[in-house]
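Please examine the protein shown below with care. A student and a tutor will then discuss it.

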Amino acid sequence: MSGVRQFHWRGMRVPFIARWSREDQRQYPIERRPSLTGDGIGYPDEDPRADRRDGVLWVRMPVVRGIGEPYLASVHALRQRQCMNHMLCQICGESTFTHSGGRHLFLMRGAKGQPIREGEKTAVPPVHEACAAEAVRLCPHLRKGWVAARVEYAPPWGVAGIVYDSQTLQPLPAERGRELEFVGLDDPRLRWTLAARDVVALHGCTPVELDELAAAAAH
Ligand SMILES: [Zn+2]
């Protein structure tokens, strides 16, 4: 373990991907961006290096982790992306590559008895065994039910974000009551999407139980 500073709040470690109060998520104007390969959305004052990733427009957000109060139930979009891109632990921010014999542990909310399916898409980054055991014990969201799997391969699938209407340039509601719409890399709506999460697909999944996590964390 090295480098990434850890913060605590009311007796609990603050997850690396949690958003802090000074990292406000402001709305910026969106405009139509004509292109020979197809129109989409853009910022009027866009900086392609900072505002786009692989051609996809991303939300703008200050990065001042550790300042103000943490919002434990809120995710910082750019740290989430950093975790997915580099397979960093969502709790401590360190690499998960050195653990589990090359496989990555994924932990997410879900009903018990409904294991993570092969090819399932997720915006929840990987986690270490010890960090997962701690999260399961302390996080009120996870206490309601969680599922975990060791995953062999988690390739990029797309993004989760707000899809804009190509005619009105108004945000469209996400499907199935979700906060964010999942949009695949081959989906034509990608040009009209303001991305807020990276999404990977989970392959080679082996379910993990709580006592297994606790045992792994003890070593
Ligand atoms: Zn960790």
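The dialogue below concerns a predicted model.

Student: How many helices and strands does the protein chain have?

Tutor: The model is predicted, and its elements are numbered from the N terminus. In this numbering the protein chain has five helices and 15 strands.

Student: What radius of gyration does the protein chain have, and why does the value agree with a compact globule?

Tutor: The C-alpha atoms fill a box of roughly 55 × 40 × 30 Å along the principal axes. With 219 residues, a compact globule would have a radius of gyration near 17 Å. The value for the protein chain agrees with this, being 18 Å.

Student: Which share of the contacts with a separation of 6 or more comes from residues 24 or more positions apart?

Tutor: Two residues are in contact if their C-beta atoms lie within 7 Å. Among contacts with a separation of 6 or more, the share from residues 24 or more positions apart is 74%.

Student: Is strand 12 mostly covered or mostly open, and which strands are joined to it by bridges?

Tutor: Strand 12, residues 156–163, is mostly covered, as seven of its eight residues are buried. Seven bridges join it to strand 14, where V163 stands opposite T193. Four bridges join strand 12 to strand 13, where A160 stands opposite F182. Both pairings run antiparallel, and the strands asked for are strand 14 and strand 13.

Student: Is V183 buried or exposed?

Tutor: V183 has its place in strand 13. It touches G158, V159, G161, V163, R189, L190 and T193, not counting residues up to four places away in sequence. A residue is buried if 20 or more other C-beta atoms lie within 10 Å of its own. V183 has 24 such atoms within 10 Å, so V183 is buried.

Student: How far apart in space are V183 and T193?

Tutor: In sequence, V183 and T193 are 10 residues apart. In space, C-alpha to C-alpha, the distance between them is 7.9 Å.

Student: Which residues of the largest nonpolar core touch the most other members?

Tutor: This core has 49 residues. Among the elements that each supply at least two residues of it are helix 2, helix 3, strand 9 and strand 11. The residues that touch the most other members are F106, V127, A132, A148, A149 and L202.

Student: Why is one side of strand 9 and of strand 15 left without a neighbour in the sheet?

Tutor: Three strands form an open sheet in the order 9-11-15, with antiparallel pairing. Strand 9 and strand 15 stand at the edges, so each has a single partner strand. Six bridges join strand 9 to strand 11, and H104 stands opposite V151 there. The reason for the free sides is thus the place of strand 9 and strand 15 at the edges.

Student: At what angle to strand 9 does helix 3 run?

Tutor: Helix 3 lies across strand 9 and strand 11. Relative to strand 9, the angle of helix 3 is about 15°.

Student: How many residues of helix 2 are buried, and what covers them?

Tutor: Helix 2 is mostly covered, with seven of its 10 residues buried. These are A77, L78, R79, Q80, R81, C83 and M84. What covers the buried residues includes strand 7, strand 8 and strand 14.

Student: Which phi does M87 take?

Tutor: M87 comes just after helix 2. Its phi is positive, at about 55°.

Terms used. Residues numbered from 1 in each chain as written. Predicted model: local features only at pLDDT ≥ 70, side-chain atom pairs only at ≥ 80, totals over all residues. Rg over C-alpha atoms; globule rule 2.2 N^0.38 Å. Buried ≥ 20, exposed ≤ 12 C-beta atoms within 10 Å, placed from the backbone. Pairing = 2+ DSSP bridges. Core = buried A, V, L, I, M, F, W, Y, C linked by C-beta atoms within 7 Å. Axes fitted to C-alpha atoms, helices over the stretch in contact; angles between N-to-C directions.
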